[in-house]
Amino acid sequence: MATVVALPLPALPSGWSAEKDFKAVGKITKDHATQRTIEPVGPHFLAHARRARHKRTFSEDDRIQAQERAKKVEENDDSDISEPEDPMMLQRDAKDWKSQDHYKVLGLSRYRYKATEEQIKRAHRKKVLKHHPDKKAAAGRVDDDNFFKCIQKATEVLLDPVTRRQFDSVDEEADVEPPTKKQLQKGNFYKLWGSVFKAEARFSKNHPVPSFGDDKSTKEDVENFYNFWYNFDSWRTFEYLDEDVPDDNENRDQKRHTERKNANARKKKKAEDNARLRKLLDDCSAGDERIKRFRQEANAAKNKKRLEKEAAEKKAAEEAKAKKEAEEKAAKEAEEKAKLDREAGKKAKEAAKNAVKKNKRVLRGSIKDANYFVSGDPSVATIDSVLGDVELIQGKIDPDEIAALAGKLNGLKVADEIKGVWQEEAKRLVAAGKVKESELRAFN
């Protein structure tokens, strides 16, 4: 609204007079004048004509015009705020305002906490035009302002952010009941539960609130949703249901008692609301096929990993077993081979030993066949001398040399030939330094 400031006109200069100081710019003569017919028009003329036609006074005409304007505004209100009025609601006592549905009083039942401030103001204006006491008085209904007071109180509560939040906290009409088993069997699980959590989201301190999603939601989205709601931070309060605190300074104890009672009641209602929300989440998650699918997939992956681990362990065990068996087999074969080798060696050794014994018998036999290299019966000394050389030579040569010597002697019968072989062997040993010539008695 513009502010009008009164400014005084400037004072005329001292000594100013119209006769001497006024100068005419021009003159109007008959030659310049034109005669025209003027018809009265404009809102003031129309108002004058209306009053004259209906024989009204100024006050009567203003009142009737105001009523017509109000009716026109009401009839031409093209807003979407319109709903039938419950006759019982129109008869309620204005003193019982705390139990009234403020949104229903203003015709905003379908909007409730979503109603904007502009919608509330428009609804208030429409209701006031319809239920103003002056309008009812004009219709002959006096002292009928109870519902008008309800309208004023509803507007007062809903236009104040603090009191509106308090009322929204206990507005049960805005709640969406969880779906029943029968509804879930026939309806869309995600749509039904999504509506419930969408209504509950109005109490969240944190935004944005995760969407409930659908059967195509990812595991991360589903986990984010449930984590958000299981750790839900709600601004919901219950002050609106407080018992009125007596405004009596003389009764302080009663005032303190009521305040404590209200605080305990709010705390209890808050705990009950948290438990209610937790039950909603538990019931929802219990029937959520996505969680079941994710668990099955997780279990399948876990089982696959376990089976792969078991298969790897089994394979490793089998390989270890096969390796152990191969090692045991190889060890057994090696042991058997060693045993066979030992037995063969033993046999070979026995055979060599027997061969040495046989060859030695051949050597001794050749001496005997040669009659100890004498004619007639050999004396004991001769026998000892010859056998001593034989034993000496046999002790200095290895089995192969014994065998070679036996081969030379084998089949010989002539004493000189036999002796010649022994003498040749004795010379070879002497030359090799294995035997001293002085140690020989019969073959030197």
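**A spread-out helical chain**

Within the chain, 67% of the contacts (heavy atoms within 4.5 Å) with a separation of 6 or more join residues 24 or more positions apart. This is a predicted model, in which local features need pLDDT of at least 70 and side-chain atom pairs count only at pLDDT 80 or more, while totals for chains, interfaces and linings use all residues. Residues are numbered from 1 along each chain as its sequence is written, and side-chain values use heavy atoms, leaving out hydrogens and water.

**Overall form**
- You will find 17 helices and zero strands here, helices being DSSP runs of H or I with at least four residues and strands E runs of at least two, numbered from the N terminus.
- The radius of gyration, taken over C-alpha atoms, is 66 Å, well over the 22 Å from the globule rule (2.2 Å times the number of residues to the power 0.38) for 444 residues, so the chain is more spread out than a compact globule.
- Along the principal axes, the C-alpha atoms fill a box of roughly 210 × 70 × 55 Å.

**Burial**
- Buried residues (under 20% relative accessible area, 1.4 Å probe, protein chains only) make up 25% of the 444.

**Helix α14**
- Helix α14 (residues 289–369) has 81 residues and should span 120 Å at 1.5 Å a residue (counting one less than its number of residues), which agrees with the 113 Å between its end C-alpha atoms.
- Among its buried residues are Arg 290, Phe 294, Val 356 and Ile 367.
- Cover for the buried residues of α14 includes α13 (252–287) and α15 (380–396).
- Asn 371, with a positive phi near 55°, follows α14.

Technical notes: Buried < 20%, exposed > 50% of the residue type's maximum accessible area, 1.4 Å probe, protein only.
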